[in-house]
Amino acid sequence: MSCIQIAMFDIDGFRMDKGLQTTPDALAEFSAWQRQCARDHGKNNFLMVGEIVGDPKLASVYVGRGREPNMMEPNVTKALMATDLTNSSSYIRDFGKGALDGAAFHYDIYGSMTRFLGLDSPWGAYGVDWVEQWTKLVSNNDMVNSETGVLDPRHMFGMTGQDVFRWPALANGTQRQLLGFFVTMLELPGIPMVFFGEEQESYILENHANDYVFGRTPMASQRAWQLHGCYHLGET
């Protein structure tokens, strides 16, 4: 079915929701199949990203060929020079079996961003030093492109998404958001991510779940989620 979608709708990539709930090897096989189908239709750099919500060590198993903690590359220069020919003992899977090219919305960066901008967050295991963040990411994750064989950082860094709040809804939120964009767009190597409404200071703030700071973001302000009994305060 996915190959039919690629052929019919000219799709250039897939986002895997709940990416870590698929076993790594199964996801790697699935992604390899999507890339092969894409190549058959003239797409030689098909993008496979996923929602990665978990410990950074677990996330590293899914990114590219995958790395376990004892496979991390402490030498940043060597990590940046990695290719498809790099010693295979440094990775879990063979080249071409990358499970995910990157995180569709990097929660560790987002979590660190909330603390960097004066809030709190359960996410962000690497602290708020962006140089240190990037150093750990490139050392722990395989960022070699599964098609080209060269380094190609493709984590997607953004300030908000469908599961978290809108910055302009807070005091000085627009200014905080712009400072965050400086980091996600100009400082961190990867794919800058902009969520709809950010270009016009969308400021809807409603609580749809109790396990997120400030709650999830609806597309438009409405009370159907309350009236239909889909969510009650204190439930997830």
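Which residue in β2 does Gly-13 stand opposite? In the predicted model described here, Gly-13 stands opposite Leu-47 in β2, and this pair offers a convenient point from which to describe the sheet and the elements around it.

β1 and β2, which comprise residues 13-16 and 47-50 respectively, pair in the parallel sense over four bridges. Helix α2 packs on the sheet, where it touches both β1 and β2, and the direction of the helix makes about 150° with that of β2. The sheet itself is open and is formed by three strands, arranged in the order β1-β2-β3 with parallel pairing. β1 and β3, the latter covering residues 102-103, stand at the edges and each have a single partner strand, so one side of each is left without a neighbour in the sheet. In general, the strands of a sheet pair through backbone hydrogen bonds, and the pairing may be either parallel or antiparallel.

Helix α2 runs over residues 24-40 and thus has 17 residues, reaching 24 Å from its first C-alpha to its last, which is close to the 24 Å expected at 1.5 Å a residue. The buried residues of this helix are Leu-27, Ala-28, Ser-31, Ala-32, Gln-34, Arg-35, Cys-37 and Ala-38. What covers these buried residues includes the helices α1 (2-9) and α3 (56-62), together with the strands β1 and β2. After the helix comes Gly-42, whose phi is positive and lies near 80°.

Helix α1, one of the elements that cover α2, contains Gln-5. With a relative accessibility of 29%, Gln-5 counts as partly exposed, because this value falls between the limit of 20%, under which a residue is buried, and that of 50%, over which a residue is exposed. When residues up to four places away in sequence are not counted, Gln-5 touches Asp-10, Ile-11 and Phe-14.

Turning to the protein as a whole, eight helices and five strands are found, and along the sequence these follow the pattern α-β-α-β-α-α-β-α-α-β-α-β-α. Of the 236 residues, 48% count as buried, while the protein exposes about 11,900 Å², of which carbon and sulfur atoms supply 57%. Among the contacts with a separation of 6 or more, 69% are accounted for by residues that are 24 or more positions apart.

How values were computed: Residues are numbered from 1 along each chain as its sequence is written. This is a predicted model: local features need pLDDT of at least 70, side-chain atom pairs count only at pLDDT 80 or more; totals for chains, interfaces and linings use all residues. Side-chain values use heavy atoms; hydrogens and water are left out. Helices (H or I, at least four residues) and strands (E, at least two) are DSSP runs, numbered from the N terminus. Buried means under 20% relative accessible area, exposed over 50%, partly exposed in between (1.4 Å probe, protein chains only). Contact means heavy atoms within 4.5 Å. Accessible areas come from the Shrake-Rupley method with a 1.4 Å probe; for residues, only the protein chains shown count as cover. The expected span of a helix is 1.5 Å times one less than its number of residues. Two strands pair if DSSP finds at least two bridges between them. Axes are lines fitted to C-alpha atoms, for helices over the stretch in contact, and angles run from 0 to 180 degrees between N-to-C directions.
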